[in-house]
Amino acid sequence: MTVQDRVLIAGAGPVGLVAATNLVRQGVPVTVLEAGPALAEESRASTFHPPTLDMLDQLGVAQPLIDQGLIATKFQYRTQGGLIAQFDFAGIADATRHPFRLQCEQSRLTMILLDRLRDHPGFHIEFSSPVRSATQHGAGIDVIVDRGGETITHSGRWLIGADGARSAVRESLGIEFEGFTWPERFLVVSTPFNFLEAICDLVSVNYVADPERWYFLLQIPNLWRVMFPISADESDDVALSPAFAQSLMARIVPGVSNYEIAHTTLYRVHQRVAKTFRAGRAFLMGDAAHINNPLGGMGMNGGIHDAMNLTARLVDVWRGTKPNSELDRYDLQRRLVTKEHVEKQSIQNKKNLESQGPEFRNKLTEIAADRERTYQYLLSVSMIGSLRRAEELG
Ligand SMILES: Cc1cc2nc3c(=O)[nH]c(=O)nc-3n(C[C@H](O)[C@H](O)[C@H](O)COP(=O)(O)OP(=O)(O)OC[C@H]3O[C@@H](n4cnc5c(N)ncnc54)[C@H](O)[C@@H]3O)c2cc1C
């Protein structure tokens with residue numbers, strides 16, 4: 001079999017399609033193999049951080065996404081008793097062209113990207129094509145796809161595994177997914193209730209600390225999402241019952257107890273990072289490479305940062321302007337910042353919200369009162385800090 005001059009990408013999620021877009025626009029042909037019959041529409045990530053929007057702008061898709069989302073310039077930490085501290089992304093306007101978080105469903109991004117890619121001569125996508133395995137040889141890599149019971153082989157020069165947390169590419173390469181699963185699950189309740197009217201000083205992004213049951217209150221276009229931890233001794237059936245959701249929601253606004261609930265989602269939460277992000281001609285990125293709890297909204301954002309990092313290097317190697325060893329820097333930079341920043345920060349965010357003592361609250365009020373500490377804090381939560389750290393690694 002001849003090696004086709006293409007990059008193969010497993011998975012048409014936000015990370016796979018960002019990678020495809022950055023390659024195709026720079027003349028590198030791509031085939032995307034997607035397991036589903038169409039793009040996924042489920043409700044998942046809804047926060048785009050400032051540097052991610054800067055990257056999407058390079059691809060020409062930031063503005064169409066902003067047009068469909070909600071701009072959140074501020075975020076708050078609160079307790080049931082009220083505000084602890086508020087932060088404003090205007091404080092880092094010198095470090096980003098988008099000094100705000102954009103609240104918008106990830107499915108909006110994948111639709112915009114596919115729309116742009118569809119007619120590009122260097123782009124090809126096959127749906128209902130789950131990747132089963134990958135085999136490397138000298139000049140390329142073969143990927144086995146199962147299509148309607150038939151086994152098909154695709155060949156390419158490089159393979160990107162952007163096929164999500166249960167990545168078949170990662171499995172096939174025998175790469176360990178090190179880490180742990182939290183005992184509690186997270187329940188997300190979506191409601192059209194207008195919390196901004198009910199709680200006068202609220203903003204669109206609010207973390208509410210509580211040692212018994214913290215929650216996260218987040219506005220997206222037309223809905224609010226409220227996320228609660230669900231302890232291991234509460235069964236799935238109980239956790240998903242309308243009465244249980246109402247009992248949790250009743251704690252938010254005194255006197256309001258019967259919410260209109262649009263939908264509820266219960267899911268397990270993991271903290272795992274792949275042992276390597278590169279194995280020869282294959283790479284892992286996005287959820288295939290790392291998963292974390294959603295506090296801080298770093299999973300998809302980190303995945304998009306992976307995609308931009310690797311594809312910039314792949315373009316150079318493809319054109320012959322840099323040697324293959326350039327690609328090792330992807331693993332070096334992205335794996336390290338995933339461990340140092342995304343993993344550590346998301347674990348710390350969870351611990352902070354459930355902490356018993358006043359230390360976390362005191363620390364936040366101190367940071368909010370100090371201009372330089374606020375600046376550094378905003379660089380960190382917006383993930384600009386992790387990108388700067390990656391650059392320092394050379
Ligand atoms: C409730 C919730 C809220 C979240 N909120 C945020 C947030 O605000 N901000 C944030 O940054 N992150 C958030 N995340 C995490 C975010 O959703 C993920 O990090 C993101 O979806 C990862 O994108 P991906 O493209 O790597 O993987 P996915 O979105 O999982 O896409 C993988 C794609 O690969 C396909 N696929 C799977 N197996 C195969 C195969 N064998 N062959 C071919 N294709 C395959 C799938 O069908 C899918 O289309 C949240 C997650 C959840 C569950």
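This is a short tour of a predicted model, stop by stop, with a selection to make at each one.

**Stop 1: the ligand**

Start by selecting the ligand and the residues around it. The shell holds 27 residues, and the closest are E34, Q106, V131, D287 and M300. Colour the shell by class and you should find 13 nonpolar, 10 polar and four charged residues.

Now show the backbone atoms of P14, V15 and T47. Each has a polar backbone atom close to an oxygen atom of the ligand: the distance is 3.4 Å for P14, 3.1 Å for V15 and 3.2 Å for T47. Switch on a surface next: on its own the ligand has 1000 Å² of accessible area, and the protein covers 85% of it.

Which elements give two or more residues to the shell? They are α1 (14–24) and α9 (299–319). Of these, select α9 to see the largest share of the shell, which is three residues.

**Stop 2: aromatic pairs**

Leave the ligand and show the rings of Phe, Tyr and Trp. Across the whole structure, a search finds 18 aromatic pairs. A pair of aromatic rings is described by the distance of the centres and the angle of the planes.

Begin with F195 and Y259. Their rings are stacked, with 5.8 Å from centre to centre and 25° between the planes. F195 belongs to helix α6 (residues 195–198), while Y259 sits in the loop between α8 (242–249) and β17 (263–274); with these positions 64 residues apart, the pair links distant parts of the chain. Are these two rings' residues buried or exposed? F195 is buried, because its relative accessible area is 0%, and Y259 counts as buried too, at 4%.

Move on to F277 and Y330. Here the ring centres are 6.1 Å apart and the planes meet at 45°, so this pair is tilted. F277 lies in the loop between β17 and β18 (278–279), and Y330 is in helix α10 (residues 328–354), so the pair ties together parts that are 53 residues apart in sequence. F277 is buried at 0% relative accessibility, and Y330 is buried at 0% as well.

For a group of rings in one view, select F75, Y77, F87, F89, Y207, F216, F360 and Y377. These residues form one aromatic cluster.

**Stop 3: charges over rings**

Two tryptophans come next. Select W318 together with R157: the arginine lies over the face of the ring, 3.9 Å from the ring centre. Then select W182 and K350, where the charged end of the lysine sits over the ring, 3.9 Å from its centre.

**Stop 4: two distances to draw**

Pick D67, in helix α3 (residues 62–68). D67 counts as exposed, because its relative accessibility is 58%, and exposed means over 50%. Draw a line from its C-alpha atom to that of C104: the two are 9.6 Å apart in space and 37 residues apart in sequence.

Next pick R170, which is in helix α5 (residues 168–173). R170 is buried, with a relative accessible area of 5%. A line between the C-alpha atoms of R170 and A390 spans 23 Å, for residues 220 apart along the chain.

**Stop 5: two backbone angles**

Finish with the backbone. Most residues other than glycine have a negative phi, and most peptide bonds are trans.

Select S128 and look at its phi, which is near 50°, a positive value in a residue other than glycine. S128 is in the loop between β8 (123–126) and β9 (131–137). With a relative accessible area of 34%, S128 is partly exposed.

What is the phi of M383? It is near 75°, which is again a positive value in a residue other than glycine. You will find M383 in the loop between α12 (371–381) and α13 (384–392). M383 counts as buried, because its relative accessibility is 2%.

Definitions and conventions. Residues are numbered from 1 along each chain as its sequence is written. This is a predicted model: local features need pLDDT of at least 70, side-chain atom pairs count only at pLDDT 80 or more; totals for chains, interfaces and linings use all residues. Side-chain values use heavy atoms; hydrogens and water are left out. A residue is near a molecule or strand if one of its heavy atoms lies within 4 Å of it. A polar contact is a pair of N or O atoms within 3.5 Å; within protein, one must be able to donate a hydrogen and the other to accept it, and residues adjacent in sequence count only if both atoms are side-chain atoms. Accessible areas come from the Shrake-Rupley method with a 1.4 Å probe; for residues, only the protein chains shown count as cover. Helices (H or I, at least four residues) and strands (E, at least two) are DSSP runs, numbered from the N terminus. Ala, Val, Leu, Ile, Met, Phe, Trp, Tyr, Cys and Pro count as nonpolar, Asp, Glu, Lys and Arg as charged, and the others, Gly among them, as polar. Rings of Phe, Tyr and Trp (its six-membered ring) pair if their centres lie within 6.5 Å; planes under 30 degrees apart count as stacked, over 60 as edge-to-face and the rest as tilted. Buried means under 20% relative accessible area, exposed over 50%, partly exposed in between (1.4 Å probe, protein chains only). A charge sits over a ring if NZ of Lys or CZ of Arg is within 6 Å of the ring centre and within 35 degrees of the ring normal.
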